[in-house]
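Got your viewer open? Let's take a short walk through this model, one selection at a time.

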Amino acid sequence: EEAVLGKKLADLLVEPLPENAVRGESTHIEINGQRADGVFVPLDLSISRTQTELGDFFLAIVRDISESKRLERAMREEIRLRKAAEQRQRQLLDAAGEGIFGTDTDGNITFINPAGARLLGYSTNELLGRLLAAPAGHNPPLCEPDSPLADPDHYTDSTSETVLQRR
């Protein structure tokens, strides 16, 4: 506190205040400041002006947002990495010669690669969101209702054959 008390706000910052703040207008900005130990820190700065019988007063609320900025950078990096992984996964699925698809717990197709759509005689867009065991318009169900694929609770570590209906 003692390192800050009595100092001009502008002396605690490493960049100039915006003109509206210098003119005495209320403002809310992110700006860089410098701690007493010399370390630069990103700050959230709110300045408001109050007029009273005793004169004009300014209230400045300064908050160190270093941790928030670090978390934002980490989150952006995580999103970038996930998008890159998703892109690689999509490229692998699209390049596979076999039909590969997935469903949600209700039996709706959530993804299908182009080879899978071709094998069934549809475009990928025609199959996305479609229920496996339900007809779609004039098109028959893709599998029988008693097929293990149509059971959202079905999980097995063994393989079995299921016939899928082409268009």
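A word before we start: this is a predicted model. Begin by selecting threonine 103, whose bridge partner in S5 is isoleucine 109. Now widen the selection to strand S4, residues 101-103, and strand S5, residues 109-112: the two run antiparallel and are joined by three bridges. Between the strands of this hairpin lie five residues. Pick out glycine 107 and check its backbone, where you will find a positive phi near 90°.

Next stop, the sheet. Select S1, S2 and S3, which form an open sheet in that order, with antiparallel pairing. S1 and S3 are the edge strands, each pairing on one side only. Turn the view to look across the strands: neighbours in this sheet are turned by 35° against each other on average, direction ignored.

Stay with S2 and S3 for a moment. Ten bridges join this antiparallel pair. To see one facing position, show serine 46 and look for isoleucine 61 in S3, which stands opposite.

Last, the largest pocket. Which residues lie nearest its centre? Select Val4, Leu12, Gln34, Arg35 and Ala36, then add the rest of the lining to reach 16 residues. The space inside is about 360 Å³. The sheet strands come back here: S1 (27-34), S2 (40-52) and S3 (55-64) each supply at least two residues of the lining. Finally, colour the lining by class, and you should see ten nonpolar, two polar and four charged residues.

Terms used
Residues numbered from 1 in each chain as written. Predicted model: local features only at pLDDT ≥ 70, side-chain atom pairs only at ≥ 80, totals over all residues. Heavy atoms only, no water. Pairing = 2+ DSSP bridges. Helix = DSSP H or I, 4+ residues; strand = E, 2+ residues; numbered from the N terminus. 1 Å grid on protein atoms, 1.4 Å probe; cavity = no way out; pocket = protein on both sides within 12 Å on 5 of 7 lines; lining within 4 Å. Points joined across faces, edges and corners; volume = space filled by probe spheres on them. Nonpolar A, V, L, I, M, F, W, Y, C, P; charged D, E, K, R; others polar. Axes fitted to C-alpha atoms, helices over the stretch in contact; angles between N-to-C directions.
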